[in-house]
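Me: I would like a close look at one residue in this model, and then at what surrounds it in the wider fold. Keep it brisk, please.

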Amino acid sequence: MLLKTSRTSMAKENFLERDFKKVIHVFPKLTLKKGRDGNMWMITGDIDICDSVGDFWKTFTIAIYIPNSYPYCVPIVKETSSHIERNVNWHIDNSGICCIDIEHKLLLYDKRGFNIFEFIKNKVYTYFANQIYKKESGEYAAGEYKHHFDGVKQFYIEELKIESDTLAHNILHKILSNNLPGRNETCICGKRKYKHCHLKSVQLLQSLPLKRLKEDFDEYAKLVTNPTHVNNGK
């Protein structure tokens, strides 16, 4: 059993090293190394941000922490150069941990997996380019997710097409109580057959950790019972 675990771990490590070869072709100032405790990989170094015509804007020093379970894990990105103001309005905490995307989207990596090159190119690079753009223009280039639970609601509306707080609460209740309709039965929203309506949204939610679903359910319950409730948490 120990030998099998070791081989599995090594296969995942080699997979990350292989994927990282593509990273250094585009971001040559980044390096990959094993963490001190052996349970984590670290990508550290500088990332140069340029505008759409290739003119240099700014260099950020970063660290990306990746568990050995790659590609099935949630990476953590930290800005260590302190160019970004440590403020929730800039989607960064006091320690420099960056809010690269809505938490729900990142949590899906844990089950669906992700590619480190695509993550750095599409998420990390875009995040830092947006910081520069906002500093110059006062807003992010393509908009941003709202803060706290308002951002979660935005995810449910935009990604899942669940616009009603009551419907979101009911769907989460059905998932958590394992009481979902059959594919050809009426959808939870009561409009069409389940397979033609919110089935895909439910399947995406089922890919999230149970803890996250319970947290969402509790917050939606507050909104349903008290529509004026304001969430100031994460």
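Why does Thr166 count as partly exposed?

Reply: First, a caution: this is a predicted model. Thr166 counts as partly exposed because its relative accessibility is 40%. Buried would need under 20%, and exposed over 50%. So 40% falls in between.

Now its place. Thr166 sits in helix α6. Take Gly113 as a marker elsewhere in the chain. The two are 53 residues apart in sequence. In space, their C-alpha atoms are 31 Å apart.

Helix α6 also has a part in covering a neighbour. It spans residues 165-176 and is among the elements that cover the buried residues of α7. Others include α3 (109-112), α5 (148-158) and α8 (210-225). Helix α7 itself runs over residues 199-206. Its buried residues are Leu199, Ser201, Val202, Leu204 and Leu205.

Leu199 leads on to the nonpolar cores. In soluble globular proteins, nonpolar side chains tend to be buried together. Leu199 belongs to a core of 27 residues, which also includes Ile162, Leu167 and Leu223. That core lies apart from the largest one.

The largest nonpolar core has 34 residues. Seven of its members touch the most others: Ile47, Ile66, Ile116, Phe119, Ile120, Val124 and Phe128. At least two residues each come from α1 (2-26), β2 (40-50), β3 (56-67) and α4 (116-137). Helix α4 gives the most, with 9 residues.

Phe128 shows what such contacts look like. Leaving out residues up to four places away in sequence, Phe128 touches Ile47, Ile49, Phe60, Ile62, Val77, Glu79, Ile84 and Cys98.

One name in that list is charged: Glu79. Glu79 counts as buried because its relative accessibility is 0%. Its side chain meets that of Arg86 in a salt bridge, at 2.5 Å from N to O. Arg86 is partly exposed, with a relative accessible area of 23%. So this salt bridge joins a buried residue to a partly exposed one.

Side chains of opposite charge can pair when their charged atoms come close. The structure holds 12 salt bridges. Another joins Glu159 and Lys105, with N and O 3.3 Å apart. This pair links distant parts of the chain. Glu159 is in the loop between α5 and α6, while Lys105 is in helix α2, 54 residues apart. Both partners count as partly exposed: Glu159 at 37%, Lys105 at 25%.

A third pair stays within one helix. Lys222 forms a salt bridge with Glu219, the closest N and O atoms being 3.2 Å apart. They are 3 residues apart in helix α8, so about one helical turn separates them. Lys222 counts as partly exposed at 36%. Glu219 counts as buried at 14%. Salt bridges also link Glu103, Lys211, Arg212, Glu215 and Asp216 into a network.

Next, the pockets. Rolling a probe the size of a water molecule over the atoms shows where empty space is left. The largest pocket has a volume of about 1100 Å³. Its lining has 38 residues. Nearest its centre lie His91, Cys99, Ile100, Asp101 and Ile102. The elements β4 (76-79), α2 (103-107), α4 and α5 each supply at least two lining residues. Helix α4 again gives the most, here with 7. By class, the lining has 19 nonpolar, 10 polar and 9 charged residues.

The second largest pocket has a volume of about 160 Å³. Lys58, Phe60, His83, Ile84, Glu85, Trp90, Gln131, Ile132, Lys135 and Glu136 line it. Two elements, β3 and α4, give two or more residues to this lining. The largest share, 4 residues, comes from α4. The classes here are 4 nonpolar, 2 polar and 4 charged. Phe60 and Ile84 line this pocket and also touch Phe128.

Back to where you began. Thr166 is in α6, and at 40% relative accessibility it counts as partly exposed. The helix that holds Thr166 helps cover the buried residues of α7.

Terms used
Residues are numbered from 1 along each chain as its sequence is written. This is a predicted model: local features need pLDDT of at least 70, side-chain atom pairs count only at pLDDT 80 or more; totals for chains, interfaces and linings use all residues. Side-chain values use heavy atoms; hydrogens and water are left out. Buried means under 20% relative accessible area, exposed over 50%, partly exposed in between (1.4 Å probe, protein chains only). Contact means heavy atoms within 4.5 Å. A nonpolar core is a set of buried Ala, Val, Leu, Ile, Met, Phe, Trp, Tyr and Cys residues joined through side-chain atoms within 4.5 Å. On a 1 Å grid over the protein atoms alone, a cavity is a set of points where a 1.4 Å probe fits but cannot get out, and a pocket is an open set with protein on both sides within 12 Å along at least five of seven lines; lining residues have an atom within 4 Å of a point. Grid points are joined across faces, edges and corners, and a volume is the space filled by probe spheres set on the points. Ala, Val, Leu, Ile, Met, Phe, Trp, Tyr, Cys and Pro count as nonpolar, Asp, Glu, Lys and Arg as charged, and the others, Gly among them, as polar. A salt bridge is a side-chain nitrogen of Lys or Arg within 4 Å of a carboxyl oxygen of Asp or Glu.
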